[in-house]
Amino acid sequence: MLRHIVMKAVFVLLSLAHSEVAPTGETAIYSEPAYAKWGKLAVEETSKAYRDASIIDYKYEGRRALSDDKAEESFLLWLRKNDREFGVRVRMTIQISSDELLQLKMAEVPSN
């Protein structure tokens, strides 16, 4: 247990030391995943549809080709309302060439 704590402390100190060494004019470039735009939209639309619930988890389920120019992006969001937790699957049909949303479907996941 103590070894685990010491290792975490070492990693924290190394990361702090590394950031101090980097030149101030240098900026890191971070790339968002290709599905980030659609994930944000899934969260926004789910928040609108379930105003009284909190989104507590999020999972990208992947992209499925529907045709040469259409694909479906799928997300599973986990929500909490009062003492109830439940999943909501959001599926979006996208036109690939224009990167445009064609359709959004939302459905609660049946609990087992």
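Me: In what order do the elements of the protein run from the N terminus on?

Reply: In this predicted model, the elements run α-α-β-β-β-β from the N terminus on, which gives two helices and four strands in the protein.

Me: Why is T93 called buried?

Reply: The relative accessibility of T93 is 14%, and buried means under 20% relative accessible area, so T93 counts as buried. This residue lies in strand β3, which spans residues 84-95. Across the protein, buried residues make up 21% of the 112 residues.

Me: Which residues are in contact with T93, once its neighbours within four places in sequence are left aside?

Reply: With those neighbours left aside, T93 is in contact with L66, A71, E72, E100, L101, L102 and Q103, where contact means heavy atoms within 4.5 Å.

Me: How do you know that β1 and β2 pair, and in what sense do they do so?

Reply: Two strands pair if at least two bridges are found between them, and strand β1 (residues 54-65) and β2 pair over 10 bridges in the antiparallel sense, so the criterion of at least two bridges is met. As an example of the register, A65 stands opposite A71 in β2, and the hairpin that joins β1 to β2 does so through four residues.

Me: What makes β2 and β3 a pair, and what is found in their hairpin?

Reply: The same criterion of at least two bridges applies, and β2 and β3 pair in the antiparallel sense over 12 bridges. One of the bridge partners in β3 is M92, which is matched with E73. The hairpin of β2 and β3 has two residues between the strands, and N82 in this hairpin takes a positive phi near 55 degrees.

Me: What makes up the largest nonpolar core, and which elements supply it?

Reply: The largest nonpolar core has 13 residues, and L79 and M92 are those with the most contacts inside it. Elements that each supply at least two residues of this core are α2 (36-49), β2 (70-81) and β3, and β3 gives the most, with five residues.

Me: Which residues does M92 touch, not counting those up to four places away in sequence?

Reply: On that count, M92 touches W38, L41, A42, A71, E72, E73, F75, L101, Q103 and L104.

Me: How much area does the protein expose, and what part of it do carbon and sulfur atoms supply?

Reply: The protein exposes about 8,700 Å², of which carbon and sulfur atoms supply 54%.

How values were computed: Residues numbered from 1 in each chain as written. Predicted model: local features only at pLDDT ≥ 70, side-chain atom pairs only at ≥ 80, totals over all residues. Heavy atoms only, no water. Buried < 20%, exposed > 50% of the residue type's maximum accessible area, 1.4 Å probe, protein only. Core = buried A, V, L, I, M, F, W, Y, C linked by side-chain atoms within 4.5 Å. Areas by Shrake-Rupley, 256 points an atom, 1.4 Å probe, with all protein chains shown as cover.
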